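I'm opening a fresh page for this one. My plan is to look things up piece by piece and jot down what turns up.

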Amino acid sequence: MSRLGMVIDLKTCIACYACVVSCKVENGTPPTVFWAKVLEREEGKYPTARRIILPVLCNHCQDPPCLRVCPSGATTKREDGIVLVDAKKCVGCKACMTACPYDSRYFIKEIRGYFGEDLVPCERVSYQKHQEGVVEKCTFCVERVKKGLEPACVQVCPASCRHFGDLDDPNSEVSRLLKARLSFQLLPEIGTKPSVYYLT
Amino acid sequence: MEAVKPVVDFEDRLEERAFSPLSHISAKYALLVAVLLVFIGLGVYAYQTQFREGLVVTGMRDRISWGLYVTMFVFFIGISMAGTLISAILRIAHAEWRLPITRMAEFVTVAALVIAPVFILLDMGQPTRLSNLFIFGRWQSPLTWDVFGLTTYLIGSAIYLYLALIPDLALCRDSKRLKSHPLKWLFKAFAVEWRGTHSQHHRLARTLGIFMIVIIPVAVSMHTVTSWIFAMTLREPWDSTMYAAYFVGGALYSGVGVLIILMAVLRKAFHLEEYFKLQHFKNLGYMLAAFSLIVMFFNVSEYVTEGFKLKGDMHLYLERMFVGPLAPYYWTYALSGMVLPALLVAIPATRRSIGFIVLAALLANIGMWIERYLIVVGGLSLPLQPYHPAIYSPTWVEWSLMAAGIAGFILLITLIVKIVPAVAVWEMLEHRKPKPVEEPVEELEQTRQPGLRVKLGSPFPEKPTPPVDGGRK
């Protein structure tokens, strides 16, 4: 069985936000929705101050807390570990958003154009994939993955800090990286078993 | 009002007092209904806007995705505890002072349980897909438990209210005072041929006996699963095993509070001073104070253990709540919502005044509302990732719908007290010691019914008997 996952190398990340942009382009999400984000925060005080840069996306947990609370069966987990929301089943109760400890889920409040009242042609196409009043989230670009491609954020990363592959396959690039380098997951102590790893 | 004969004895007076609100509508009453309808109209307009534009017209955003609506849901679920407590728990305990107020408590329960789920619908992004909960529903989800819990509780409470109403509906049907009442057909239909016979009493007592036992675990489980909507997530402020108990305690507290307020209002409006005495307010006040101590205990127990360990981000949460931006809410809740009501009841000088007890109840409910707001919004505002704490400010749509919800709750009670008697006439009558026989026997037959204690345990008298033995001759 495969378990798709991502490894993000924080040593090489330059916080260029290309992943954020590529995600918007690939998935055509409406304004205020960012399936891929880069969190930045300053910690400490001079002279030990440092900047924390953390690219985040849905962790596609092995034991997803969002799936546990979904009352309508809209959230599902594929065989390969990708956690998806079926927008047609979603009733918009937002329980999954409160359950997600990573704040990775987005409620589609309204679908409006970035450039004023009228939608531009590309928005008219991309917004067909979204609907108002439901919860959506990163899909690991499941349509690309089905075709054997990498997620958009991985492909576009100029610093090659994102790696995508099968965590269960010991010979995959992600597995080799995790074996060779020190890594961490977000909030490992709460038992969600995220499939996104960070190399330090 | 027709057929006003001089009110002489207790029974007649009780009937007069209990039935007179049913037979006429005063200008004040009409005005109240009109004002409530205005608020509900505002809510309808707000919801129309929300339905058209989507939830973007609310203040709820991605980080704080539950706001006033869920707060109101939890608040109304809490209030619904009133009926169960007063009429089931006190009925089991044979606390006879409860008799005049059981009916009102059951009104509160049913009205609150009708309004509460409305707020869940308001909170949903796709309310038209409600059926998905049943078609694709996952029983593993705490929300599904809540749906089933709420439905069971509502149906159970409604049946319980109705069962205890049957003898009173029969009294209404047979009363001379309500001879030309426009809802006479309703009384007739719903009194289900109640004649007050021995076997009918026996059956009613048995059914009520079963219901009052069953409704208590149903109520407790309802508050439990409501708390589990929060406690089953991994959010640190909600991640507590104590939440279920905390919610049940809070529900008892706010339920008693609403009951005290309603009792004071009806006492004034329907001139029920003879039945809602200071002692009733005091007794409920004592319960209010006791529950406030329980809620205080839960607060201390929760925050001292969390504050001692300061696990994870809890220090940020506690800091925000005790000294940070949420501090005004928290301290209002803690001081005027828990400590002050308890003090108002504890100090003999204030306890002697109904006004102060009502004030305590009012403060308790404002406090509990803030507490629910803090749980929902405060809990969600805590970042679990390197974010800043999230902010939330409700929009006019949410405030309007909140006002409409409260107005709807008041309206339901306002309407129901005009349709059926607000005090359980039959239960009070049957607890009265029968007077020496100076009235005709037929009247006695109709009004005087065997005592509850008799109903629960020992056999029933075939005919009204002197109260000394209370049992079969």
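**Entry 1: a sheet in chain A**

Before anything else, a note to self: this is a predicted model. I began with strand 9 of chain A and checked where S183(A) goes: its bridge partner is L199(A), in strand 10 of chain A. Strand 9 and strand 10 of chain A pair in the antiparallel sense, over 2 bridges.

Next I followed strand 10 of chain A to its other partner. Strand 1 of chain A runs parallel to strand 10 of chain A, and 4 bridges join them. One pair I wrote down is M6(A) with V196(A), the latter in strand 10 of chain A.

Then I looked at strand 1 (residues 4-9) of chain A from the strand 8 side. Strand 1 and strand 8 of chain A are antiparallel, with 5 bridges. Here L4(A) sits opposite D166(A) of strand 8 of chain A.

Putting that in order, I get an open sheet of 4 strands in chain A, 8-1-10-9, with mixed pairing. Which strands stand at the edges? They are strand 8 (162-166) and strand 9 (183-184) of chain A; each has a single partner strand, so one side of each has no neighbour in the sheet.

I also checked what packs on this sheet. Helix 7 (residues 173-180) of chain A does, and it touches strand 1, strand 8, strand 9 and strand 10 (196-199) of chain A. Its direction makes about 115° with that of strand 8 of chain A.

**Entry 2: D166(A)**

I went back to D166(A), since it had come up already. It is found in strand 8 of chain A. Is D166(A) buried or exposed? Neither quite: it has 18 C-beta neighbours inside 10 Å, so it counts as partly exposed. Buried would take 20 or more.

Leaving aside neighbours within four places in sequence, D166(A) is in contact with S2(A), R3(A), L4(A) and S172(A). So L4(A) turns up here as a contact and, as noted above, as the residue opposite D166(A). I also looked up P71(A): its C-alpha atom is 30 Å from that of D166(A), and the two are 95 residues apart along the chain.

**Entry 3: a hairpin in chain A**

Strand 2 (residues 37-43) and strand 3 (residues 50-56) of chain A run antiparallel, joined by 7 bridges. I picked V38(A) and found its bridge partner in strand 3 of chain A, namely P55(A). The hairpin has 6 residues between the strands, and G44(A) takes a positive phi near 80°.

**Entry 4: chain B, and where it meets chain A**

On to chain B, which has 19 helices and 0 strands. Of its 473 residues, 45% are buried. I looked at how far its contacts reach too: among those between residues at least 6 apart in sequence, 78% join residues at least 24 apart.

How many residues does each chain bring to the contact between them? Chain B gives 32 and chain A gives 34. On the chain B side, helix 6 (132-135) and helix 7 (142-174) are the elements that give two or more residues. Helix 7 of chain B gives the most, with 3 residues. By class, that side has 15 nonpolar, 11 polar and 6 charged residues.

**Entry 5: W145(B)**

While on helix 7 of chain B, I looked up W145(B), which lies in it. W145(B) has 20 C-beta neighbours inside 10 Å, so it counts as buried. Aside from neighbours within four places in sequence, it is in contact with V225(B) and W228(B). The C-alpha atom of V258(B) is 26 Å from that of W145(B), with their positions 113 residues apart along the chain.

**Entry 6: two crossing helices**

V258(B) led me to helix 10 (residues 243-270) of chain B. Its axis and that of helix 3 (residues 68-79) of chain B come within 7 Å and cross at roughly 75°. That makes the two helices roughly perpendicular.

From helix 3 of chain B, the contact uses I77(B), G78(B) and I79(B); from helix 10 of chain B it uses G250(B), A251(B), S254(B), G255(B) and V258(B). These divide into 4 nonpolar, 4 polar and no charged residues.

**Entry 7: the largest nonpolar core**

Last lookup. The largest nonpolar core has 191 residues, and V108(B), V256(B), L259(B) and L288(B) touch the most other members. Helix 15 (residues 354-381) of chain B supplies the largest share, 15 residues.

I took L288(B) for a closer look. Beyond four places in sequence, its contacts are Y253(B), V256(B), G257(B), I260(B), P341(B), V345(B), A360(B), A361(B) and A364(B).

Conventions: Residues numbered from 1 in each chain as written. Chains lettered and ligands numbered in written order. Predicted model: local features only at pLDDT ≥ 70, side-chain atom pairs only at ≥ 80, totals over all residues. Core = buried A, V, L, I, M, F, W, Y, C linked by C-beta atoms within 7 Å. Buried ≥ 20, exposed ≤ 12 C-beta atoms within 10 Å, placed from the backbone. Contact = placed C-beta atoms within 7 Å. Pairing = 2+ DSSP bridges. Axes fitted to C-alpha atoms, helices over the stretch in contact; angles between N-to-C directions. Parallel < 35°, antiparallel > 145°, perpendicular 65-115°, else oblique. Nonpolar A, V, L, I, M, F, W, Y, C, P; charged D, E, K, R; others polar.
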